[in-house]
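Let's take a friendly walk through a protein model together. Have a look at the sequence and the structure first, and then we will go through them piece by piece.

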Amino acid sequence: MPQDIEKSRARSRRYYYTHREVFREKSRRFRKRHPNRSTKYYHINKIKALTKIAGGKIQCIACGCDDLNILEINHKNGGGTKEHWGQYLGDQGKFYRDIIKGVRTVEDLNIKCRVCNTLDYLERKYGKLPYKKIVWGVNQ
Ligand SMILES: [Zn+2]
């Protein structure tokens, strides 16, 4: 059975790649007909999902940044890209909705800002880098 799911996902990815202009055009038309609609619910669900993961104040666990525009969900053990290109392909909002509903557990997730999340990714890929800590508000 799991092989069937993997085959199905692979087929979905191929279909998306070969038809991505059609998907993009549909999205463009939807956004034109319903300005702010999808982004509004996407944003609301992002806040709900982040709140559930944080269990309190929504902020980057590494540097304390609390700007919602640059906060992301980090997969502690990696695998985020695989998950997003697998079951959540074409519907990233479903990731947030599954977290809210409890379908997707959050023990392996935490919140990091874009900068800290990228550093986390790079260190996982290349090993420890010579950066000690991301500090906001210091411009030298
Ligand atoms: Zn950070």
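Which element of the protein has the lowest mean pLDDT, and which the highest? Helix 4 (residues 80-84) has the lowest, at 85, while strand 2 (residues 109-113) has the highest, at 96. Keep in mind that this is a predicted model. Over the protein, the mean pLDDT is 88, and 96% of the residues reach 70 or more.

**The overall picture**

Six helices and two strands make up the elements of the protein. If you start at the N terminus, they come in the order α-α-α-β-α-α-β-α. The C-alpha trace spans about 45 × 40 × 35 Å along its principal axes. There are 140 residues, and 9% of them count as buried. Now consider the contacts with a separation of 6 or more: 73% of them are between residues 24 or more positions apart.

**Two helices to compare with expectation**

Helix 2 covers residues 20-33, which makes 14 residues. At 1.5 Å a residue, helix 2 should span 20 Å, and its end C-alpha atoms are indeed 20 Å apart, so the two values agree. Is helix 2 buried or in the open? The number of buried residues among its 14 is zero, so helix 2 lies largely in the open.

Helix 6 (residues 114-126) has 13 residues and reaches 18 Å from its first C-alpha to its last, close to the 18 Å expected. After helix 6 comes Gly127, which has a positive phi, near 95°.

**Three residues, three surroundings**

The table below sets out how crowded three positions are.

| Residue | Location | C-beta neighbours inside 10 Å | Class |
|---|---|---|---|
| Cys116 | helix 6 | 23 | buried |
| Ile58 | loop between helix 3 and strand 1 | 18 | partly exposed |
| Glu107 | loop between helix 5 and strand 2 | 7 | exposed |

Why does Cys116 count as buried? It has 23 C-beta neighbours inside 10 Å, and the cut-off for being buried is 20 or more. Glu107 has 7 such neighbours, and therefore counts as exposed. Ile58 has 18, so it counts as partly exposed.

Distances along the chain and in space can be set side by side for each of these residues. Cys116 and Lys40 are 76 residues apart along the chain, and their C-alpha atoms are separated by 26 Å. For Glu107 and Gly86, 21 residues apart, the C-alpha separation is 19 Å. Ile58 and Lys48 are 10 residues apart in sequence and 9.9 Å apart in space, C-alpha to C-alpha.

**Meeting the core**

Which residues form the largest nonpolar core? It has six: Cys60, Cys65, Leu71, Ile111, Cys113 and Cys116. In soluble globular proteins, nonpolar side chains tend to be buried together.

Setting aside residues up to four places away in sequence, Cys60 touches Cys65, Leu71, Ile111, Lys112, Cys113 and Cys116. With the same neighbours left out, Cys116 touches Cys60, Ala62, Cys63 and Ile134. Ile58, leaving aside its neighbours within four places in sequence, is in contact with Leu50, Thr51, Asp66, Leu71 and Ile111. Two of these names, Leu71 and Ile111, also appear in the core.

Key
Residues numbered from 1 in each chain as written. Predicted model: local features only at pLDDT ≥ 70, side-chain atom pairs only at ≥ 80, totals over all residues. pLDDT = per-residue confidence, 0-100. Helix = DSSP H or I, 4+ residues; strand = E, 2+ residues; numbered from the N terminus. Expected span 1.5 Å × (residues − 1). Buried ≥ 20, exposed ≤ 12 C-beta atoms within 10 Å, placed from the backbone. Contact = placed C-beta atoms within 7 Å. Core = buried A, V, L, I, M, F, W, Y, C linked by C-beta atoms within 7 Å.
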